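Notebook open, structure loaded. I'm jotting down what I look up as I go.

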Amino acid sequence: MAGNITFTMIKPGAVADGNIGAILAKIAEGGFRIKALRMTRLSKEQAETFYAIHSERPFFPSLVASMSSGPIVAAILEKENAVQAYRDYIGATNPANAHEGSIRKLFGKSIEANAVHGSDSDENAQIESDFFFSGFDRF
Ligand code: GDP
């Protein structure tokens, strides 16, 4: 059965562009409820851990550098079938291919600086949520 939470991050480029508020507004507009929210910055080591699944990919060093280049906003979102619903909502990995009106189309700049992260499975939504939030910070 599909779970009802997913994990997202507003990536450093979108934060630097001043788009935290606009992206949170789009998230709310999509019917996703915020269960946890936090602004922080990833160290290089934390970014490597978060994206460990991509460690053999040629873009890994660049991805780690960009994800640790400035503050991010992490959030746990709730909606029915949250993982798939949010991936559909944010659009394709490459903003150039993302559908009109999607978060990545509106705020992404490149395949790497694509504005937001969205979990790709219920299992990873749990792992990623636990990476950023203790039980005290979830509502
Ligand atoms: P996602 O699930 O849509 O975020 O995509 P992936 O799990 O495949 O990739 C994780 C993240 O790595 C993406 O959100 C991008 O920031 C980055 N990324 C993916 N593919 C590429 C690529 O070909 N080049 C670069 N530079 N970054 C990429």
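**Helix H2 and what follows**

I started at glycine 31, which comes after H2 and has a positive phi, near 85°. Note to self: this is a predicted model.

Then I went back into the helix. Which residues of H2 are buried? H2 covers residues 20-29, and I get Ile23, Leu24, Lys26 and Ile27 as its buried residues. Looking down the axis of H2, I find these buried residues within an arc of 155°, so they line one face of the helix.

**Other positive phi values**

I also looked up residues other than glycine with a positive phi. Asparagine 81 is one of them, with phi near 55°. I placed asparagine 81 in the loop between strand E3 (72-78) and H5. Its relative accessibility is 37%, so I log asparagine 81 as partly exposed.

Alanine 115 also goes in the notes, with a positive phi near 75°. Alanine 115 sits in the loop that runs between helix H6 (103-107) and E4. Is alanine 115 buried or exposed? I have alanine 115 at 3% relative accessibility, so it goes down as buried; the cut-off for buried is under 20%.

**Glycine 118 and lysine 35**

Next I checked glycine 118, which belongs to strand E4. Glycine 118 has a relative accessible area of 6%, so I wrote it down as buried. I took its C-alpha distance to glycine 13 too: 16 Å in space, with the two positions 105 residues apart in sequence.

Lysine 35 is in strand E2, residues 33-40. With 22% relative accessibility, lysine 35 counts as partly exposed. From lysine 35 to isoleucine 127 I get 15 Å between C-alpha atoms, for residues 92 apart along the chain.

**Aromatic rings**

How many aromatic pairs are there in the whole structure? My search turned up 9. I wrote out the geometry for phenylalanine 131 and phenylalanine 132: the pair is edge-to-face, 5.2 Å centre to centre, with 65° between the planes. The edge-to-face label applies because planes over 60 degrees apart count that way.

I looked at accessibility for both partners. Phenylalanine 131 comes out partly exposed at 35% relative accessibility, whereas phenylalanine 132 is buried, at 6% relative accessible area.

Both residues also turn up in one aromatic cluster, made of Phe7, Phe50, Tyr51, Phe131, Phe132 and Phe133.

One charge-over-ring contact for the list: lysine 79 has its charged end over the ring of phenylalanine 32, at 4.6 Å from the ring centre.

**The largest pocket**

Last stop was the largest pocket, where I get about 680 Å³ of space. Which residues lie nearest its centre? Out of 26 lining residues, I noted Tyr51, Ile53, His54, Leu63 and His117 as nearest the centre. The elements giving two or more residues to this lining are helix H3 (44-50), helix H5 (82-90), strand E4 (116-118) and helix H7 (122-132). H7 has the largest share, with 4 residues. I also sorted the lining by residue type and got 10 nonpolar, 9 polar and 7 charged.

Cross-check against the earlier entries: Tyr51, among the residues nearest the pocket centre, is also a member of the aromatic cluster. Strand E4, which helps line the pocket, is where I found glycine 118. H5, another contributor to the lining, is at one end of the loop that holds asparagine 81.

How values were computed: Residues are numbered from 1 along each chain as its sequence is written. This is a predicted model: local features need pLDDT of at least 70, side-chain atom pairs count only at pLDDT 80 or more; totals for chains, interfaces and linings use all residues. Side-chain values use heavy atoms; hydrogens and water are left out. Rings of Phe, Tyr and Trp (its six-membered ring) pair if their centres lie within 6.5 Å; planes under 30 degrees apart count as stacked, over 60 as edge-to-face and the rest as tilted. Buried means under 20% relative accessible area, exposed over 50%, partly exposed in between (1.4 Å probe, protein chains only). A charge sits over a ring if NZ of Lys or CZ of Arg is within 6 Å of the ring centre and within 35 degrees of the ring normal. On a 1 Å grid over the protein atoms alone, a cavity is a set of points where a 1.4 Å probe fits but cannot get out, and a pocket is an open set with protein on both sides within 12 Å along at least five of seven lines; lining residues have an atom within 4 Å of a point. Grid points are joined across faces, edges and corners, and a volume is the space filled by probe spheres set on the points. Ala, Val, Leu, Ile, Met, Phe, Trp, Tyr, Cys and Pro count as nonpolar, Asp, Glu, Lys and Arg as charged, and the others, Gly among them, as polar. The arc is that of the directions from the helix axis to the C-beta atoms.
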